[in-house]
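Reader: I've got a model open and I'd like to learn how to read its features one by one. Could you walk me through it?

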Amino acid sequence: MLGKIGYGTVSEALAYKIPFVFVRRDYFNEEPFLRNMLESYQGGVEMIRRDLLTGHWKPYLEHAISLKPCYESGINGGEVAANILQDTASGKNHTSDKLSGARRLRDAIVLGYQLQRIPGRDLSIPDWYASAENELGLRTGSPSAEMSDDSFHLPSLPNDFEILHGDVMGLSDTVNFLKSLSELDSFIDSGKSTEKLQIRERKAAGRLFDWEEEIFVARAPGRLDVMGGIADYSGSLVLQMPTREACHVALQKIQPTKQRLWKHTQARHNAKGQGNTPVLQIVSYGSELSNRGPTFDMDLSDFMDGDQPMSYEKARSYFARDPSQRWAAYTAGTILVLMKELGIRFENSISVLVSSAVPEGKGVSSSAAVEVATMSAIAAAHGLNIEPRELALLCQKVENHVVGAPCGVMDQMTSACGEANKLLAMVCQPAEVLGLVDIPNHIRFWGIDSGIRHSVGGADYGSVRIGAFMGLKIIKSVAMGLLSQSSANGVTSDDLEEDGIELLETEASLDYLCNLSPHRYEALYVKQLPETMVGESFLQKYVDHNDPVTVIDPKRNYGIRAASRHPIYENFRVKAFKALLTSASSDYQLTALGELLYQCNYSYSACGLGSDGTDRIIQLVQEMQHSKVSRSVEGTLYGGKITGGGSGGTVCVVGRNCLRSSEQILQIQKKYQDATGYLPILFEGSSPGAGTFGHLRIRRRKQK
């Protein structure tokens, strides 16, 4: 079966065990859950929309024919849904966590009762809800927010923990994370029914740590791609801002004899006749929001292949076995990279708790934040002195080689080396930090999420990257040919200026596309690059594209000219953007900055990395910019661009730092919701990178 993913098509494919070749849908929030369900039951193959439209179906159909769908559960969804609603309405499995699915569904039911209160028809809130609220000591009555005068002050540190090293740096999210840690073991020791009060991940987290031993806490932010984006893998200058949202990781190394194993882990050891062996146990909060398993565990010896760490290829296969556990590669992969690259061996068990506020699939580097925070915590707990830049490069290896996503290094570098309210300026050759660029007080950046899931592991991103490396190889070949031609024709330095010969020699040995200037590209190479080229034809002529993290599909047609042009011109745009930030404050300055963002956005689209959602946001920004109100007063919003790997995700917007600009951003958010049904997440504000934060070493205070 071939079509777009939806409830009907997925249900039919699973019920009748028919392999389903599908394309993604924009503005469809349930898509990740349906897609993961197809993967879990071996029933689906994702097709890139471009291949659907161009008729490139054969490899997908061949893959689908080889599948063996294995869904065996019930097929009457109405009965399943009715049972869930009935259990919720009766108060079964009540949870006090307001972010849990059960609690949010229950609140929605109560709100439904409240909204139906009209004269002559007084519907009461069910007794079960009021009883549960009173039993838990929660506030009853209207759900409207109430804030005290000090509600914006930094929350107080929990008294349960003593901070032996480090500083929370006034970060409220770090204080709240420590509070959540302090509450983890209380409900286990209290003897209350944990099944009734806590969701599964909190229960598992409560058994992770030995509360009498030290725990190490690290923090790493996401990043907003202001300029540079996908040009990072071509050696461009990039400008990146760390986000306010961050990932926290709490980690403890424990002697195997003291580690509290989960029941299934203990059962596995008993079945194998194993004694006390080092085990990695991970709990990741937010599993219900992304339809993945909340826990992961493995014996650390599983990373060994004989007396050496396993290969990255074997590691990718290891983590890909179970789609619901694939997320663990971002965390556990840091251990393997440290083993292979630095020769570290881990003799003790490791317990890890991951709590990230960086939303997944939004193009703001949620994966880099997890990798950097995890490796920072591991390094702190094991006394490893790894500089932020080196740590970022190691984390890139996690994503490239263990996860298998062909990202550049700017995400990890920003998360590790960034500073609050500054742009990290870096030349990605491979990771030369030029310094930090101050954001002028009158300028502000926002991120607006399109709701269309972004993935650097997606085929569109990978094909554009391959196209750029193909273009680099062709340009070098053309330059070499021009040199050979001049020699064969007896052209000497008197006939051809010495500088021209040196330029050709440099271009014949280019390491990065971004080292080619736009005018040289236009003068000599643009007409030599094909618009597109089939992988097989390229391999026959050039053998390889020399990119260690991507593989050319011989049957695929790759866009080359647009993919090559983008990083060459983007590098120039970023340099101009950086220079403008330090120029005199003026409306012209802001207009020029905005225009550079727009040019970048349209260049993404030319590569095939745009999306309907991000294009709609850009259109709304332009409507605000050119409205009569904006023209009659000092301008507010000036431009925007798609960010990161493109194909959805977040749009970066630049504007004047004023109340009117914030109001217009909220208006765009509301208009986008009216048009699509999706309320975008807004990213504003900044926070320090992992290198500046360092780590916390904490220990529970002994009871007197």
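**Reading the model, feature by feature**

Author: Sure. Let's start in a loop: P430 sits between β12 (422–427) and β13 (432–438). Keep in mind throughout that this is a predicted model.

Reader: What is the peptide bond from Q429 to P430 like, cis or trans?

Author: That bond is cis, with omega near -5 degrees.

Reader: Okay, zooming out. How many helices and strands does the protein have?

Author: There are 28 helices and 20 strands. Of the 704 residues, 50% are buried. The accessible surface comes to about 32,400 Å², and carbon and sulfur atoms hold 50% of that. As for contacts with a separation of 6 or more, 71% link residues 24 or more positions apart.

Reader: Now sheets. How should I read one, and in what order do the strands of the open sheet with β14 run?

Author: The general idea is that strands of a sheet pair through backbone hydrogen bonds, in either a parallel or an antiparallel way. Here four strands form an open sheet, ordered β17-β18-β14-β19, with antiparallel pairing. Its edge strands are β17 (637–642) and β19 (682–683), each of which pairs on one side only.

Reader: How many bridges join β14 to β19?

Author: Two bridges join β14 (residues 443–449) to β19, and the strands run antiparallel. To find the spot on screen, look for I448, which stands opposite L682 in β19.

Reader: Which strands does helix α24 lie across?

Author: Helix α24 (residues 587–607) lies across β14, β17 and β18 (650–656), at about 25 degrees to β17. Helix α27 (residues 659–676) lies across β14, β17, β18 and β19, and runs at about 10 degrees to β14.

Reader: Next, burial. Why is strand β8 described as largely enclosed?

Author: Start with the pattern: in a regular strand, side chains alternate between the two faces of the sheet. So for a given strand, you check each face in turn. In β8 (residues 295–299), five of the five residues are buried, so the strand is largely enclosed by the rest of the structure. Both faces are covered, with T295, D297 and D299 buried on one side and F296 and M298 buried on the other.

Reader: And how does β8 connect to β7?

Author: Five bridges join β7 (residues 279–284) to β8, and the two run antiparallel. One place to look is Q281, which stands opposite D297 in β8.

Reader: What about the surface? Which residues form a nonpolar patch with I18?

Author: M1 and Y16 join I18 in that patch, and together the three have about 290 Å² of accessible area. I18 itself is in the loop between α1 (7–16) and β2 (20–23). Its relative accessibility is 31%, so I18 counts as partly exposed.

Reader: Last one: backbone angles. Which phi value does Q42 have?

Author: Q42 has a positive phi of about 55 degrees, although it is not a glycine. You'll find Q42 in the loop between α2 (31–40) and β3 (44–46). Q42 is partly exposed, because its relative accessibility is 43%.

Reader: And where does N546 lie?

Author: N546 lies in the loop between α22 (535–542) and β16 (557–559). N546 isn't a glycine, yet its phi is positive, about 60 degrees. With a relative accessible area of 48%, N546 is partly exposed; the exposed class would need over 50%.

How values were computed: Residues are numbered from 1 along each chain as its sequence is written. This is a predicted model: local features need pLDDT of at least 70, side-chain atom pairs count only at pLDDT 80 or more; totals for chains, interfaces and linings use all residues. Side-chain values use heavy atoms; hydrogens and water are left out. Two strands pair if DSSP finds at least two bridges between them. Contact means heavy atoms within 4.5 Å. Axes are lines fitted to C-alpha atoms, for helices over the stretch in contact, and angles run from 0 to 180 degrees between N-to-C directions. Patches are made of residues with over 30% relative accessible area and no salt bridge: like charges are joined within 9 Å, nonpolar side chains (Val, Leu, Ile, Met, Phe, Trp, Tyr) within 5 Å. Accessible areas come from the Shrake-Rupley method with a 1.4 Å probe; for residues, only the protein chains shown count as cover. A salt bridge is a side-chain nitrogen of Lys or Arg within 4 Å of a carboxyl oxygen of Asp or Glu. Buried means under 20% relative accessible area, exposed over 50%, partly exposed in between (1.4 Å probe, protein chains only).
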